[in-house]
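Got the model open in your viewer? Let's walk through it one selection at a time, and I'll tell you what to look for at each stop.

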Amino acid sequence: MATAENLLEVRGLKKSYARGGGVFAEGGGARFAAVDGVSFDLARGETLAIVGESGCGKTTLARMVLRLIEADAGEMRFAGENLRAAGGEKLRALRRRMQMVFQDPFASLNPRMRIGEIVGEPLAIHEARLARGERDERVAAMLGRVGLEADAMRRYAHEFSGGQRQRIGIARALILRPELVVADEPVSALDVSVGAQVLLLLQELQSELGLTYLFISHSLPVVAQIATRVAVMRAGRFVEMGAAEKVLARPEHAYTRELVAAVPGGRGA
Amino acid sequence: MELATAAGVVRPVDGVSLRIAAGETVGLVGESGSGKTMLALALMGLLPDGARVGGEAWLGAEGAAGGASSAPTEGGKKNLVGLGERELRAVRGREVAMIFQEPMTSLNPVMRAGEQIAEGIRAHEPGLQRAEVRGRVIAALERAAVPEAAERARQYPHQLSGGLRQRVMIAMALACGPRLLIADEPTTALDVTVQRQILDLLDELRRGLGLGMLFITHDLGVVARVAERVAVLYAGRIVEEGPAREVLERPRHPYTQGLLAASPRMERGKLEPIPGTVPRLTALPPGCAFEPRCSQRRAECAAGMPELRVVGGEHAARCVLV
């Protein structure tokens, strides 16, 4: 049942891939479940962190939510609409309401486009009728919001540091005023003090713009900082989910305990 | 050390002094641009062409010699800085070994794991028979707690998990029994549970083999876990050093304090980033390198770089406030 407050509702989402394969593979088409039946609700304004180690399926899950990858089974509703079944114009309209911030600040920006074009591209696609001047104004305003000077628009990605590139990625994600932002390890590739700046920026923007975050991370301390709720993922499934403080301070599942205990310098050490 | 770049001569490492005792782990904390990797490469003689290194790096008996000496060897000690390439090659791998952050890019993708370890052994001990080399390879892998060592030796890096690749790197580094291990962010790219295993392994090996270890990382949690002593690097200089617990619980340099305040913890707290960014080495401020970003700065800070001042015991910080 869709409630007014849930921005996203996911039920039984699955995705599997053929394992090995190719002409020389033995054993026929064994399948590997990257996401093996995941369900959750995401309320407006909250930050749900999905935490897990490499290979657990968290990135695949994030991409399915954004329809970058198609799920094999399950349901997804976004603001009451059927997200999984949407196509054509309907999907286009839904797409602009959800955006992604990527992990690698060096790979996620087109090196051959100026920053102004990169951040303006979503507008060029979804609001094609917008005059060039107005588009540039909005880009400049968004760049200012994320802490960059307007003259950044004329420059190229390689001229910026990792932290600045992440800000550019955030500007690009927010230029269409989405409701949902999926952030996939947004600070993992950054130094401590730079990562802290970006996390703080994300928190400020969340309250300013009323954003809802789906935050993917492998780092429990980062998650402790930013999440209202946490889901712990392993081998394609959620093994534990609940309020962030509770899951991290009083984990119930053995795997969550193992993760918490393994944090160096953390409680377990 | 000096490095000639298109923008002028820079000093990625400027007057760094470290002491590492056998069986001790010294942590070197720094962010990008701090000079930490350059320091490690300088010790191994792996710097880019055009880099000039000054100073001394004494490997061997207790501490550095009392007076500055330009002799390459003294008693059982060697000054790594003075060595020529041929002598360095004898030292590298055999007396000083290094492990890197990304095992997938540090290992040769087209050589089997065992063969890569064997390569190092044969380079330093050319007289060994094939069977002996094989035995040493298996022993090295077992020492790095690699299960089914003989099977793993025959695999290629892409067939191994991140944790196993790092163990192969460790096996390779330790194969010739070095006295000093330089570990440059060895667990940063690994999952947290795997990281724990690798850190435990390095600990055991250090104790069992009496290995000295220079552990370079930007992660304060990791450094708290592994190091007895810590040095914090900023813009090529050590700005604070001392016993790990001291430095991390009662930091005296504003940069160290800033790093701690900016590090996320398991308890949700107020994250305070350090304003500004690390300065480019080509555009260092005139006085203390941290001064422009420092919330506690005074007029004298812009005048000149302070010396390392003693806080107490072995704890020192490069700040006028001390």
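Start by selecting helices H4 (residues 113-124) and H7 (residues 162-174) of chain B, which in this predicted model pack at an angle of about 20° with their axes 8 Å apart. Angles under 35 degrees count as roughly parallel, so that is what to call H4(B) and H7(B). Turn the view until one helix lies over the other: the crossing of H4(B) and H7(B) is right-handed.

Now show side chains where the two helices meet. From H4(B), pick B:Ala113, B:Gln116, B:Ile117 and B:Gly120; from H7(B), pick B:Val168, B:Ala171 and B:Met172. Colour this contact by class and you get 5 nonpolar, 2 polar and no charged residues.

**Zoom out to the domains of chain B**

Colour chain B by its domain assignment: domain 1 covers 1-48 + 73-95 + 179-322, and domain 2 covers 105-177. How far apart are the centres of the two domains of chain B? Taken over C-alpha atoms, 29 Å separate them.

Next, select where the two domains touch. Domain 1 of chain B brings 11 residues to the contact and domain 2 of chain B brings 13. Which helix gives the most to the domain 1 side? That would be H8 (residues 192-209) of chain B, with 5 residues. By class, the domain 1 side of this contact in chain B holds 8 nonpolar, 2 polar and 1 charged residues.

**Across to chain A**

Keep chain B on screen and bring up chain A beside it. The contact between the chains takes 27 residues of chain B and 27 residues of chain A. On the chain B side, highlight H8, H9 (220-226) and H11 (254-262), each of which supplies at least two residues. Colour the chain B side by class and look for 12 nonpolar, 8 polar and 7 charged residues.

**The four-stranded sheet of chain A**

Hide chain B and look for an open sheet of 4 strands in chain A, in the order E2-E1-E4-E5, with antiparallel pairing. Its edge strands are E2 (31-43) and E5 (81-82) of chain A, each pairing on one side only. Select E1 (residues 6-18) of chain A next: 10 bridges join E1(A) to E2(A) in the antiparallel sense. To see one bridge pair, pick A:Leu13 and find A:Val38 in E2(A) as its partner.

**The six-stranded sheet of chain A**

The next stop in chain A is an open sheet of 6 strands, running E6-E7-E8-E3-E9-E10, with mixed pairing. At the edges sit E6 (98-101) and E10 of chain A, each pairing on one side only. From one strand to the next, the twist averages 15°.

For the parallel part, select E3 (residues 47-51) and E8 (residues 212-217) of chain A, which pair over 5 bridges. Here A:Leu48 has A:Leu214 in E8(A) as its bridge partner. Then add H1 (residues 58-65) of chain A, which packs on the sheet and touches E3, E7 (180-184), E8 and E9 of chain A. The direction of H1(A) makes about 155° with that of E8(A).

Finish at E9 (residues 229-234) and E10 (residues 237-243) of chain A, an antiparallel pair joined by 6 bridges. Pick A:Val232 and you'll find A:Glu240 of E10(A) opposite. Last click: A:Ala235, in the hairpin of E9(A) and E10(A), which has 2 residues between the strands. There, A:Ala235 takes a positive phi near 50°.

Key
Residues numbered from 1 in each chain as written. Chains lettered and ligands numbered in written order. Predicted model: local features only at pLDDT ≥ 70, side-chain atom pairs only at ≥ 80, totals over all residues. Domains from an automatic or database assignment. Contact = placed C-beta atoms within 7 Å. Nonpolar A, V, L, I, M, F, W, Y, C, P; charged D, E, K, R; others polar. Pairing = 2+ DSSP bridges. Axes fitted to C-alpha atoms, helices over the stretch in contact; angles between N-to-C directions. Parallel < 35°, antiparallel > 145°, perpendicular 65-115°, else oblique. Left-handed = near helix turned anticlockwise from the far one by under 90°.
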